[in-house]
Amino acid sequence: MQNKGLIKVFAILFGLVSIYQLSFTYIATKVEGEAKEYAANKIASDVENYVVARDLEEKNYLDSIGSNPVLLGIDYNDAKEKELNKGLDLKGGINVILQISVRDILVGLSNNSRDPAFNQALDRAVEIQTEGTDTFLEAFFQAFNEIPGENRLASPDIFANKTLSEDIHFEMSNTEVEAVLNRKVNESIDAAFEVLRKRIDKFGVTQPNIQRLGESARILVELPGARDVQRVQALLQSTAQLEFWHVFKMDEMLSFMSSANETVKAIQKSTTEEPEEIETDTTQVADEEDDVSKLLGGEDLDDVVDNVEEDPIFGKIQGIGGQGGPVIATFKLRDTAEINSYLRMPQVRALLSQEQRFAKFVWGKPTLNPETGEQFTDLYAVKANRDNLPPLSGNVVTDAQQSYDQRGKPAVTMQMDGTGARIWEEMTGLASAQQSQIAILLDDIVYSAPGVSSGAISGGRSEITGNFTLTEAIDLANVLRAGKLPASADIIQSEIVGPSLGQEAIDSGINSFLLALVLVLLWMIFYYGRAGIYADVALVVNILFIFGILAGLGAVLTLPGIAGIVLTIGISVDANVLIFERIREEFYKGKAQKDAIKDGFNNALSSILDANITTGLTGLILLIFGTGPIKGFATTLLIGILTSLFTAIFITRLFIERYTVNGKPLNFSTAVTKNLFRNVGINFLGKRKVAYIISGFLILLSLGSLFTQGLNQGIDFVGGRTYTVRFDKTVIASEIQQDLAAVYGTAEAKTFGGANQLKISTAYKVDEQSGEVDTEVQELLFQALQPNFPQGFTYQDFLSDDDTKQVGLMQSMKVGPTIASDIKRASVWAVTGSLIVVFLYILLRFRRWQFSLGAVAAVMHDTIIVLGLFSLFKDWMPFSMEIDQAFIAAILTVIGYSLNDTVVVFDRIREYFNENPSWKLFRVINAAVNSTISRTINTSFTTLIVLLAIFIFGGESIRGFMFALIIGVIVGTYSSVFHCNSGDV
């Protein structure tokens with residue numbers, strides 16, 4: 001081998017760099033372990049909110065020693081920045097994709113245009129976008145141009161307005177306006193990205209990742225280690241639309257509420273009985289006024305109104321606001337949608353007085369009853385106007401800081417600019433004179449409604465008080481300081497992993513990795529003796545290189561990523577097996593040891609490169625089309641392929657040549673394996689009819705199941721929400737499913753891992769993306785499951801983010817229907833693209849279309865059978881058999897593996913063609929398959945050992961993924977032997 005010295009130097013330097021890169025991970029992990037131990041010793045577990053207290057103590061500890069050298073002059077801060085990043089499934093945390101509303105941006109650019117064509121196009125764009133791949137803006141342009149008549153975007157009623165006067169004028173064509181809108185929308189999305197980045201920077205999570213996804217209006221946010229889910233959701237989804245309104249007193253609105261209650265009751269009655277005219281007589285009015293007077297006098301609602309439970313509005317009231325205060329009444333959070341629908345009724349709005357005709361009903365910040373998990377909120381009525389524009393908005397705020405009010409409670413202090421200060425002085429002066437309140441709204445939620453008793457407030461300084469926790473006050477100040485989003489942001493996909501589940505994933509991943517490694521190392525020694533030891537050394541070096549490269553690139557290690565590394569062990573072994581088998585063949589030909597080793601390496605090179613390139617191509621497609629953990633799998637697979645080639649071809653050879661340099665004999669077998677699979681003479685093509693029958697039966701069975709039973713599509717493809725919930729005892733999934741169906745309508749519950757853990761899926765309100773709906777679905781989940789938890793187990797316990805948590809919500813995921821369609825479309829492209837790429841590569845490499853056709857036929861055969869087995873056993877296996885992104889990754893990996901086997905056989909066929917031109921095709925193919933049978937069995941066996949280790953010990957979340965790979969390896973090995981060459985005969 002030439003340039004041995006250069007290769008040695010490169011390998012040593014590469015190894016040292018890898019160790020250096022991994023040292024940062026070691027240092028960061030060591031220091032964080034010490035910080036955790038310090039916090040646990042200082043804060044006892046019986047302290048209230050000890051989890052939060054320990055987190056703060058850990059952070060303070062790390063801040064205090066962050067710049068102190070730990071090892072080789074490296075301090076914690078530097079180590080943390082350069083450590084190997086762990087994904088959510090290993091560290092816990094939150095991953096969301098936000099959809100910035102382009103519709104909101106367009107409405108804002110049009111100054112809330114009421115033009116019929118404009119609003120019709122907006123509605124139609126929603127439909128067009130769900131049907132195809134167009135962005136919302138492209139769909140809007142298409143919809144607007146399809147509307148009959150001469151509709152112009154540059155109309156003064158749409159975009160030729162005062163706001164866009166410098167960019168759009170009346171004479172511009174629709175095409176010209178479209179170019180301007182494209183730029184404006186992109187600027188708004190970039191602005192949203194910057195606002196979110198500023199908020200996240202203040203959140204305190206290490207190694208956050210925020211990126212805009214292509215040219216779409218979607219933004220990916222990953223927060224490893226983040227725990228408080230609701231806090232993160234509020235931080236990301238809040239548009240920070242701050243408004244200040246004068247507010248009606250409870251006394252002024254209670255008469256209206258009483259009249260509204262009676263009117264809605266009458267309307268409901270008229271829909272169940274014969275229609276009759278709804279009249280309001282003087283007796284009814286007098287009765288209502290009497291009821292109101294009693295309520296103002298402090299009497300209870302049940303004592304004033306007969307059969308209050310039957311009243312549509314009063315029946316939902318949990319409490320009446322104080323006299324002279326801004327709160328009208330208190331309701332349960334889950335009843336607010338129903339109350340809103342009543343208050344929006346034209347018949348109810350007509351009951352408002354002249355002064356109240358523009359009243360806007362809004363809700364306060366919800367409060368939680370920790371015992372029941374029930375949330376309550378107050379109803380307010382602000383003094384709005386025809387244009388619904390507040391007297392004062394958040395664009396006047398120049399600074400915001402977390403502070404404390406007079407009672408020592410967390411609050412937020414704001415400073416306004418000159419214009420804001422003047423308006424604020426006018427508003428507070430009026431409120432003081434009228435002894436009324438000013439409601440402070442953020443995103444249409446009343447955070448506080450303070451009264452003004454000491455006259456007008458000058459200087460533009462104000463304070464928001466309320467029932468804040470310290471973190472809520474800090475977040476609110478950060479949100480106000482970062483600025484408002486230009487449009488609403490909906491979470492269309494999310495994944496939340498609890499820290500304890502993440503630690504379990506790390507443990508299971510490490511266990512499966514070590515077991516697989518030990519088994520493979522022992523097998524190589526058993527089969528190849530001393531040569532196997534050299535291959536093992538190269539394999540360990542390969543693993544060191546992979547982790548070193550991952551750390552150096554700042555890549556994220558996920559559980560599928562660990563699976564990719566473990567699979568790389570199989571690939572690395574395959575390269576060594578190919579080399580050793582070729583060396584053994586050269587020995588059988590009677591060559592001297594030196595020549596046998598040289599020719600063995602040279603002859604195996606072509607097969608190794610072809611096999612790894614085909615696998616690499618499928619990995620590359622995974623990297624392009626995959627998301628999240630699947631990208632992690634593809635990244636480690638591609639890195640592993642490159643490092644495997646280097647270590648197998650060069651590192652192994654260095655050891656072998658160094659040992660044999662003085663003529664020392666080196667056997668590439670042991671006493672047991674010396675003549676194993678030698679002179680195999682199986683007539684594979686003679687048995688192809690039997691193989692056709694077996695394959696035909698499996699394919700027909702698979703297709704029959706696919707057409708009759710279908711597949712269990714995961715939420716990746718259909719949209720919905722899934723929750724992993726753990727109990728303190730064994731639960732029966734079917735009984736839980738019935739309880740869930742009672743609240744959700746439809747739901748699915750399956751045992752997931754142990755008998756005390758369930759994976760729950762539901763499509764309840766899947767089309768609604770707001771944070772309020774997410775909270776509602778989660779509360780309903782807890783209420784349905786509460787009887788199965790220990791006595792005294794609260795909603796807070798259910799959501800707890802304690803590192804040692806063993807009962808409650810462990811993981812959750814949401815995929816909106818729009819992004820589910822995109823994922824499904826990308827998956828189809830990924831599989832189709834891989835088949836096309838493989839066909840073209842084999843065609844170019846082997847120059848025979850029959851080879852390409854045979855390879856694609858074998859791959860299709862393997863894919864159909866794997867799909868069929870997942871369809872057949874989807875209701876029988878004790879683990880998830882869902883078709884999701886991980887399954888698509890498995891299918892692509894199966895394609896790559898099957899091709900790996902196939903290409904090795906093809907390479908040998910090509911070699912035999914060239915060496916024996918007089919042989920008949922039948923004999924060439926049989927000889928080629930027989931000559932590679934030792935390699936095929938060896939590689940398949942070691943790969944199966946690896947996959948079985950991950951399947952058994954690798955964690956529940958990737959068990960279905962591993963099962964697909966195991967089936968794929970078995971079927972792929974069979975098809976590469978019996979079918980890949982049949983098309984050539």
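Which residues in α22 meet which residues in α28? In this predicted model, Ser-695, Leu-698, Ile-699, Leu-701, Ser-702, Leu-703, Ser-705 and Leu-706 on the α22 side are in contact with His-861, Ile-864, Ile-865, Leu-867, Gly-868, Leu-869, Ser-871 and Leu-872 on the α28 side. By class, the residues of this contact comprise 10 nonpolar, six polar and no charged ones. The axis of α22, a helix of residues 688–708, comes within 8 Å of the axis of α28, and the two cross at roughly 50 degrees. Because this angle falls in neither the roughly parallel, the roughly antiparallel nor the roughly perpendicular range, α22 and α28 are classed as oblique to each other, and their crossing is left-handed.

The loop between α28 (849–872) and α29 (885–915) contains Phe-873, a residue that counts as partly exposed because its relative accessibility is 32%. Although Phe-873 and Ser-705 are separated by 168 residues in sequence, their C-alpha atoms are placed 9.7 Å apart in space; Ser-705 is itself one of the α22 residues that take part in the contact with α28.

A second helix pair is formed by α1 (residues 4–42) and α18 (residues 530–553), the axes of which come within 8 Å and cross at roughly 55 degrees. These two helices are therefore likewise described as oblique to each other, and the crossing of α1 and α18 is left-handed. On the α1 side, the contact involves Ala-11, Phe-14, Gly-15, Ser-18, Ile-19, Gln-21 and Leu-22, while α18 contributes Leu-544, Phe-545, Phe-547, Gly-548, Ile-549, Ala-551 and Gly-552. The residues of this contact divide into nine nonpolar, five polar and no charged.

Turning to a strand residue, Thr-724 is located in β21, which spans residues 720–726. With a relative accessibility of 5%, Thr-724 counts as buried, since the threshold for that class is under 20%. When neighbours within four places in sequence are left aside, the contacts of Thr-724 are with Phe-752, Gln-757 and Leu-758, and with Gly-808, Leu-809, Met-810 and Gln-811.

Two loop residues were examined for their backbone conformation. Asn-111, which is not a glycine, nevertheless has a positive phi of about 60 degrees; this residue occupies the loop that links α5 (102–109) and α6 (116–131), and its relative accessibility of 40% makes Asn-111 partly exposed. Gln-435, which is not a glycine either, has a positive phi of about 55 degrees. The position of Gln-435 is in the loop between α15 (418–434) and β16 (437–442), where a relative accessible area of 49% places Gln-435 in the partly exposed class.

As to the confidence of the prediction, the mean pLDDT of the protein chain is 80, and 89% of the residues score at least 70. Over residues 274–286, by contrast, pLDDT stays under 50, and for this segment the model has six contacts beyond four places in sequence. Where pLDDT is low, the predicted coordinates should not be read in detail.

Note on methods. Residues are numbered from 1 along each chain as its sequence is written. This is a predicted model: local features need pLDDT of at least 70, side-chain atom pairs count only at pLDDT 80 or more; totals for chains, interfaces and linings use all residues. Side-chain values use heavy atoms; hydrogens and water are left out. pLDDT is the predictor's confidence in each residue, from 0 to 100. Contact means heavy atoms within 4.5 Å. Helices (H or I, at least four residues) and strands (E, at least two) are DSSP runs, numbered from the N terminus. Buried means under 20% relative accessible area, exposed over 50%, partly exposed in between (1.4 Å probe, protein chains only). Axes are lines fitted to C-alpha atoms, for helices over the stretch in contact, and angles run from 0 to 180 degrees between N-to-C directions. Angles under 35 degrees count as roughly parallel, over 145 as roughly antiparallel, 65 to 115 as roughly perpendicular and the rest as oblique. A crossing is left-handed if the near helix is turned anticlockwise from the far one by less than a right angle, and right-handed if clockwise. Ala, Val, Leu, Ile, Met, Phe, Trp, Tyr, Cys and Pro count as nonpolar, Asp, Glu, Lys and Arg as charged, and the others, Gly among them, as polar.
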